[in-house]
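Me: I should like to go through this structure step by step, with the reasoning given for each answer. Please begin once the structure is displayed.

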Amino acid sequence: MAISKFVLNGHEVQIDVDPETPLLWVIREQLGLTGTKYGCGRALCGACTVHLDGKAIRSCVYPVSEAEGRQVTTIEGLNGGVQHPLQAAWIAENVPQCGYCQSGQIMGAAAMLAVNPAPSDEDIASVMASHICRCGTYPRIRLAIHRAAAQMGRNGGGR
């Protein structure tokens, strides 16, 4: 066991866990934020996607020790507790079916929009290809990302 400290959704956290514990389990089991999902456990499906210093990572294979002193953002803290334009677009485009992959999908899309505020269909397909939706809502995900990008452009970045 070792003490790990990092900033989670804007709040400093300190936790005594094995440094090799996947960040996902610390977030879900130790800190009680269950929006981030366990999917494959092998960084293949994207359900566990969170942001580390603003970049999308797969928390199921990322040791908590690598988050030491860094900023971690989950779906619960994506927009400072205010509905993010992606979340509004997800609802407007009726994206969720079972909903299991949606937090990872939104976190992946948010990281993309942070560096590419006006993605093409090809950009979206390329980035989101690493996020698996068993319900097959990919066309609606693409529409929602375009909708959010347009909204964020009108609102100076979505805040």
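Me: Which residues form a nonpolar patch on the surface?

Reply: The model is a predicted one. In it, a nonpolar patch with about 280 Å² of accessible area together lies on the surface. Its members are Trp25, Tyr38 and Tyr100.

Me: Is Tyr100 buried, partly exposed or exposed?

Reply: Tyr100 is found in the loop between α2 (85-92) and α3 (102-115). Its relative accessible area is 39%. Since partly exposed covers the range between under 20% and over 50%, Tyr100 is partly exposed.

Me: What is the order of the strands in the open sheet?

Reply: The sheet has five strands, and their pairing is mixed. Strands of a sheet pair through backbone hydrogen bonds, either parallel or antiparallel. The order here is β2-β1-β5-β3-β4.

Me: Which strands stand at the edges of this sheet?

Reply: A strand with a single partner has no neighbour in the sheet on one side, and this applies to two strands here. Neighbouring strands of the sheet are turned by 40° against each other on average, direction ignored. The edge strands are β2 and β4.

Me: Over how many bridges do β1 and β2 pair?

Reply: The two strands run in the antiparallel sense. Within this part of the sheet, Ala2 stands opposite Val17 in β2. The pairing of β1 and β2 extends over seven bridges.

Me: At what angle does α1 run to β2?

Reply: Helix α1 lies across β1, β2, β3, β4 and β5. Helix α3 also packs on the sheet, where it touches β3, β4 and β5 and makes about 35° with the direction of β3. For α1 and β2, the angle is about 100°.

Me: Which residues of helix α1 are buried?

Reply: The helix spans residues 23-30. What covers its buried residues includes β1 (2-8), β2 (11-17), β3 (49-52), β4 (55-58) and β5 (71-73). Just after α1, Gly32 takes a positive phi of about 75°. The buried residues of the helix are Leu23, Leu24, Val26 and Ile27.

Me: Is Ser59 buried or exposed?

Reply: Ser59 is found in the loop between β4 and β5. Not counting residues up to four places away in sequence, it touches Pro22, Leu23, Leu24, Thr36, Cys48 and Val50. Its relative accessible area is 0%, and the cut-off for a buried residue is under 20%. Ser59 is therefore buried.

How values were computed
Residues numbered from 1 in each chain as written. Predicted model: local features only at pLDDT ≥ 70, side-chain atom pairs only at ≥ 80, totals over all residues. Heavy atoms only, no water. Buried < 20%, exposed > 50% of the residue type's maximum accessible area, 1.4 Å probe, protein only. Helix = DSSP H or I, 4+ residues; strand = E, 2+ residues; numbered from the N terminus. Contact = heavy atoms within 4.5 Å. Patch = residues over 30% accessible without salt bridge, like charges linked within 9 Å, V, L, I, M, F, W, Y side chains within 5 Å. Areas by Shrake-Rupley, 256 points an atom, 1.4 Å probe, with all protein chains shown as cover. Salt bridge = Lys/Arg side-chain N within 4 Å of Asp/Glu carboxyl O. Pairing = 2+ DSSP bridges. Axes fitted to C-alpha atoms, helices over the stretch in contact; angles between N-to-C directions.
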